[in-house]
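Me: I would like to go through the terms used for this model one at a time, and to hear what each of them rests on.

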Amino acid sequence: MIVVRIILVVLIVITGLLLIGAVLMHKGKGGGLSDMFGGGITSSAGSSGVAEKNLNRITTGLLVVWSVSIVAYGVLIRFWS
């Protein structure tokens, strides 16, 4: 069981970091912190519609893997510790 716990913790950390990166790569919608850090500058070279859709899919996939890993780790700790 210790190997499964280590694998789940590593998976949670890696997907968490990738999820942070994926969220930060999204195009700013205007206002808020995105304007403060230069995201308010409009340029067509930033990302296309297809790239934004693919980034949405990647972000959603990472979120699902991260969430399932956290729930699995919680169940593992609760019932098999």
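**Terms and their grounds**

Reply: The UniProt annotation "transmembrane region", from an unreviewed entry, covers residues 6-26 and 62-80. The coordinates themselves belong to a predicted model, and the annotation may be inferred rather than shown by experiment.

Me: What makes residues 6-26 and residues 62-80 helix rather than strand in this model?

Reply: Residues 6-26 are 95% helix and 0% strand, with end C-alpha atoms 31 Å apart. Residues 62-80 are likewise 95% helix and 0% strand, and there the end C-alpha atoms are 26 Å apart. For the protein as a whole, the count is 3 helices and 0 strands, in the order α-α-α from the N terminus on.

Me: Why is S69 called buried?

Reply: The relative accessible area of S69 is 3%, and buried means under 20%, so S69 meets the criterion. S69 has its place in helix α3, residues 49-79, and, leaving aside its neighbours within four places in sequence, it is in contact with L8, L11 and I12.

Me: What makes the approach of the S69 side chain to V65 a polar contact?

Reply: The side chain of S69 reaches the backbone oxygen of V65 at 2.7 Å, and the limit for such a pair of N or O atoms is 3.5 Å, so the distance falls within the limit.

Me: Why is I12 also called buried, and which residues does it touch?

Reply: I12, in helix α1, has a relative accessible area of 18%; the cut-off is under 20%, and therefore I12 counts as buried. Leaving aside neighbours within four places in sequence, its contacts are W66, S69, I70 and Y73. The C-alpha atoms of I12 and Y73 are separated by 9.1 Å, although the two residues are 61 residues apart along the chain.

Me: Why is V10 called partly exposed, and to which surface patch does it belong?

Reply: V10 lies in helix α1, residues 2-25, and its relative accessible area is 43%; because partly exposed covers values between 20% and 50%, V10 takes that name. Together with I2, V3, I6, I7, I14 and L18, V10 forms a nonpolar patch on the surface, with about 660 Å² of accessible area.

Me: How much of the protein is buried, and how much area does it expose?

Reply: Buried residues make up 15% of the 81 residues, while the protein exposes about 6,100 Å², of which carbon and sulfur atoms supply 74%.

Definitions and conventions. Residues are numbered from 1 along each chain as its sequence is written. This is a predicted model: local features need pLDDT of at least 70, side-chain atom pairs count only at pLDDT 80 or more; totals for chains, interfaces and linings use all residues. Side-chain values use heavy atoms; hydrogens and water are left out. Helices (H or I, at least four residues) and strands (E, at least two) are DSSP runs, numbered from the N terminus. Buried means under 20% relative accessible area, exposed over 50%, partly exposed in between (1.4 Å probe, protein chains only). A polar contact is a pair of N or O atoms within 3.5 Å; within protein, one must be able to donate a hydrogen and the other to accept it, and residues adjacent in sequence count only if both atoms are side-chain atoms. Contact means heavy atoms within 4.5 Å. Patches are made of residues with over 30% relative accessible area and no salt bridge: like charges are joined within 9 Å, nonpolar side chains (Val, Leu, Ile, Met, Phe, Trp, Tyr) within 5 Å. Accessible areas come from the Shrake-Rupley method with a 1.4 Å probe; for residues, only the protein chains shown count as cover. A salt bridge is a side-chain nitrogen of Lys or Arg within 4 Å of a carboxyl oxygen of Asp or Glu.
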